[in-house]
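Reader: I am new to this structure and would like to go through it in questions and answers. Please show it before we begin.

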2 protein chains.
Amino acid sequence: MEPILTDSQLLQALRWRYATKVFDPTRQIPADIWATLQEALVLSASSFGLQPYRFIVVNDPTVRARLLAHAWGQRQVVDAARFIVFAARTAMTEAEIDRFLDRMIAVRGGNRTALAGYRQMMTDSLLSPTAAARIPHWAARQCYIALGNLLTCAALLGVDTCPMEGFVPAEFDQVLGLAAQGYAAVVCCALGYRSVADKYASAPKVRFPAQELIQTV
Amino acid sequence: MEPILTDSQLLQALRWRYATKVFDPTRQIPADIWATLQEALVLSASSFGLQPYRFIVVNDPTVRARLLAHAWGQRQVVDAARFIVFAARTAMTEAEIDRFLDRMIAVRGGNRTALAGYRQMMTDSLLSPTAAARIPHWAARQCYIALGNLLTCAALLGVDTCPMEGFVPAEFDQVLGLAAQGYAAVVCCALGYRSVADKYASAPKVRFPAQELIQTV
């Protein structure tokens, strides 16, 4: 496939992106752009393709206000046009693996017998005696792939974002009823449009020199 | 900022992307595109902006062959044009936080006194008595933001990728000498161009229905 955009267009979007501290609470994200960003989340890559997460889009202002109380009062939680909580599975089961295989068969055809080797690989990795302790970390990491994808996609569509780890996960789980569903909040992302009052928008990006971050062997 | 591309262009790239199983070992990534992808990595978002990672680009075929032995023989390790190991910091220190603050001052001006509050927030979060056990997980998650960003940027530039968790991290650490530098391999990414022989390239994407993955509150 030919590049969809030029190097300089891509870098323009990445340089424009920053962790937005102050959102314009009056600006909404157009419906078509929001639909695309949701589709981008769905299209994220994940381990084995298992998608061990849910994306909780919190629109209800009352719920947003309750989350704000457990997010150190960071106003992005209530001021951004959209607010997503990334919730990772806390355990894996045979049933969940089979749910995915059933979906694979529904989309691609085939049958369980043909997927037996793939199933074995997943159960060996995810249901071994030592795996249970790893699962929440493994699932959380997959959420972060989706987050990284979303930050970039949003920037390309001119939408500002603020990834947020500064909240009390157990309180978020309780407000959103996540534990009962087998999920736990791991990271959030506010989306919308920067306020002209956000002084961080014009601050130069701080990155270590490339030769310190990237090591070639 | 106006969108850099259209919704359909973005979705075209995301749908074109897949975890490439067979790379064309004869195709290299043009230098300008590779430079852009490296810059995209550097521009990734991270917690507090601390960039607690290094990206190890493994070009040496001998080293690639040694890694292959600890990656279940997955040929992407040796066949892809580029191979990146994402290495996360295993501990945080006052010195590392100060290295970042010094960089911030070098880029933006200002002084340590003005950044005292920011420093305190970072030390409270990352150097507390209970933090040490969390740090490797926290740093690993930041690597995954960079990975998610990279997968999307590569697709937009027509470059195929394969994110890889199937390797023995401790062996990778040894081959690359990462532990001595305070880092640990957490995930890898092969980049290049798909082989016409890769039957997975044409397989429909398997995703749970959006209404199962995305929950609106």
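Reader: By what turn can chain A be laid on chain B?

Author: This is a predicted model, in which local features need pLDDT of at least 70 and side-chain atom pairs count only at pLDDT 80 or more, while totals for chains, interfaces and linings use all residues. Residues are numbered from 1 along each chain as its sequence is written, and chains are lettered from A and ligands numbered from 1 in the order in which they are written. Superposing the copies by least squares on the C-alpha atoms of residues with pLDDT of at least 70 in both lays chain A on chain B with an RMSD of 0.0 Å and a shift of 0.0 Å along the axis, by a turn of 180°.

Reader: What relation is that, and which C-alpha of chain A is nearest the axis?

Author: Two copies of a chain are related by a rotation about an axis and a shift along it. Here the relation is that of a two-fold axis. In chain A, the C-alpha nearest the axis lies 2.2 Å from it and belongs to Gly148(A).

Reader: How many residues of chain A are in contact with chain B, and which element supplies the largest share?

Author: Two residues are in contact if their C-beta atoms, placed from the backbone, lie within 7 Å. By that rule, 71 residues of chain A are in contact with 71 residues of chain B. Helices and strands are DSSP runs, numbered from the N terminus, with at least four residues (H or I) for a helix and at least two (E) for a strand. The largest share of chain A's side, 13 residues, comes from H7(A).

Reader: Through what surface do the copies meet?

Author: Of the interface residues of chain A, 100% are also interface residues in chain B. The copies therefore meet through the same surface.

Reader: Which residue of E5(B) is the bridge partner of Phe55(A)?

Author: Two strands pair if DSSP finds at least two bridges between them. E1(A) and strand E5 (residues 214-216) of chain B pair in the parallel sense over 3 bridges. In E5(B), the bridge partner of Phe55(A) is Ile214(B).

Reader: How far apart are the C-alpha centres of the two domains of chain A?

Author: The bounds, from an automatic or database domain assignment, give domain 1 (7-90 + 132-213) and domain 2 (92-131). In chain A, 8 residues of domain 1 are in contact with 6 residues of domain 2. The C-alpha centres of domain 1 and domain 2 of chain A are separated by 29 Å.

Reader: Which residues touch the most other members of the largest nonpolar core?

Author: A nonpolar core is a set of buried Ala, Val, Leu, Ile, Met, Phe, Trp, Tyr and Cys residues joined through C-beta atoms within 7 Å. Leaving aside its neighbours within four places in sequence, Phe86(A) is in contact with residues including Tyr53(A), Phe55(A) and Cys143(A). Of the 114 residues in the largest core, those that touch the most other members are Phe86(A), Ala87(A), Cys143(A), Phe86(B), Ala87(B) and Cys143(B).

Reader: Does Val77(B) count as buried or exposed, and why?

Author: A residue is buried if 20 or more other C-beta atoms, placed from the backbone, lie within 10 Å of its own, exposed if 12 or fewer, and partly exposed in between. Val77(B) is found in helix H4 (residues 76-79) of chain B. Because Val77(B) has 25 C-beta neighbours inside 10 Å, it counts as buried.
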